[in-house]
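Colleague: I'd like to learn how to read a model like this one, feature by feature. Could you walk me through it?

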Amino acid sequence: MIDTDIADNDLEIQDRVLMEAEIAGRPTSFRAVIVRVSESELWLGMASPDRRLETMRPNQPVRLTVARNGAALLGRSDFLRPLGGSKSRVFAVDRPAVLERAQRRGHVRYPIDLPIQFRHIDPATWEPRGKVATTVTKNLSPGGLLFVSDLQVSVGDDLDLILPLSSWDRMSMSGVVKRIARRSQESDSEGDGQSEPTEAAVKFTRITTLDQDRIVRLILLTEHRRRESALAREQALR
């Protein structure tokens with residue numbers, strides 16, 4: 001289950017942080033750790049320089065996701081300035097006044113339609129094999145997803161998965177098929193050589209904590225937009 005509440009601003013040095021921003025109209029993310037916490041600022045450092053950071057503007061809005069066991073801390077902030085001699089590795093952001101804690105209890109899946117690409121993983125080499133198939137998710141959680149595909153998928157299959165959040169931003173993970181269900185096609189013909197669509201429930205076996213937190217953020221944002229859309233329709237009918 002995904003719950004949200006307001007968390008204490010309990011940030012610590014070495015906390016892992018995902019900073020998301022728009023650069024030249026494209027969604028961009030930076031993975032960093034907290035190297036200093038002050039009353040008004042967070043200093044973040046990346047493992048290696050990233051030249052995209054040099055294009056960030058002072059006071060540019062950013063979104064922060066701080067990794068927590070079983071949860072994520074979500075907050076809005078502003079980019080302040082690069083620090084030290086490197087303009088592409090260490091930088092300061094506003095310390096968020098409010099952090100929202102998103103719990104990931106039980107990983108209940110949220111109904112959402114997103115494109116998903118997958119390939120089978122060779123059990124002998126543990127390398128992806130075959131052509132990439134593209135389909136759409138039926139639901140998603142930080143722990144797994146459900147999709148429907150015409151390709152042959154069986155319980156126990158290991159899959160290499162790509163979830164494109166945008167044309168410039170993709171998440172990569174692996175998963176194992178835990179459950180399948182055949183969906184009968186609306187056709188009177190039998191034995192036409194076509195595979196029946198398979199509904200496959202996949203449990204993630206390789207995914208970073210920060211990517212799980214990004215899924216939480218995506219679900220929360222989608223739900224927020226749905227509620228805003230429903231409210232707008234209600235107001236239009238009055």
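Colleague: Which strand gives the most to the lining of the second largest pocket?

Modeller: Strand S3, residues 26–37, with six residues in that lining. Keep in mind that this is a predicted model. The pocket itself holds about 220 Å³ of space. Of the 13 residues that line the pocket, the closest to its centre are Pro27, Thr28, Ser29, Arg52 and Trp168.

Colleague: How do the residues of that lining divide into nonpolar, polar and charged?

Modeller: Five are nonpolar, two are polar and six are charged.

Colleague: Now the strands. What joins S2 to S3, and which way do they run?

Modeller: Look for the bridges and the direction. S2 and S3 run antiparallel, with eight bridges joining them. One pair to find on screen is glutamate 22, which stands opposite proline 27 in S3. That proline is also among the residues closest to the pocket centre. The hairpin of S2 and S3 has two residues between the strands, and alanine 24 takes a positive phi there, near 55°.

Colleague: Which other strand does S2 pair with, and over how many bridges?

Modeller: That would be S5, residues 61–68, again in the antiparallel sense, over four bridges. Valine 17 has valine 66 in S5 as its bridge partner.

Colleague: Is S2 largely enclosed or open, and why?

Modeller: Here's the general idea for reading any strand: in a regular one, the side chains alternate between the two faces of the sheet. To judge S2, count its buried residues, where buried means under 20% relative accessible area. S2 spans residues 16–23, and six of its eight residues are buried, so the strand is largely enclosed by the rest of the structure.

Colleague: Let's try a single residue. Where is arginine 214, and is it buried or exposed?

Modeller: Check the element, then the accessibility, then the neighbours. Arginine 214 sits in helix H1, residues 209–237. Its relative accessible area is 4%, so it counts as buried. Not counting residues up to four places away in sequence, arginine 214 touches Leu18, Glu20, Ser29, Arg31, Leu165, Asp169 and Met171. Ser29 turns up among the residues closest to the pocket centre as well.

Colleague: And what does aspartate 160 touch, beyond its neighbours within four places in sequence?

Modeller: Its contacts are Gln117, Phe118, Arg119, Ile121, Pro128, Met173, Ser174 and Arg206. Aspartate 160 lies in strand S13, residues 158–166. With a relative accessible area of 14%, aspartate 160 is buried. For a sense of how the chain folds back, take aspartate 122: it is 38 residues from aspartate 160 along the chain, and their C-alpha atoms are separated by 9.9 Å.

Colleague: Where is phenylalanine 204, and is it buried or exposed?

Modeller: Phenylalanine 204 belongs to strand S15, residues 198–206, and at 8% relative accessibility it counts as buried. Its contacts outside the four-place window include Leu140, Leu145, Leu161, Met173, Ser174 and Ile215. Leucine 145 is 59 residues away along the chain, with 8.0 Å between the two C-alpha atoms.

Colleague: Zooming out, how many helices and strands does the protein have?

Modeller: One helix and 15 strands. Of the 238 residues, 43% count as buried. Among contacts with a separation of 6 or more, 63% come from residues 24 or more positions apart. The accessible surface comes to about 13,600 Å², and 48% of that belongs to carbon and sulfur atoms.

Methods: Residues numbered from 1 in each chain as written. Predicted model: local features only at pLDDT ≥ 70, side-chain atom pairs only at ≥ 80, totals over all residues. Heavy atoms only, no water. 1 Å grid on protein atoms, 1.4 Å probe; cavity = no way out; pocket = protein on both sides within 12 Å on 5 of 7 lines; lining within 4 Å. Points joined across faces, edges and corners; volume = space filled by probe spheres on them. Nonpolar A, V, L, I, M, F, W, Y, C, P; charged D, E, K, R; others polar. Buried < 20%, exposed > 50% of the residue type's maximum accessible area, 1.4 Å probe, protein only. Pairing = 2+ DSSP bridges. Contact = heavy atoms within 4.5 Å. Areas by Shrake-Rupley, 256 points an atom, 1.4 Å probe, with all protein chains shown as cover.
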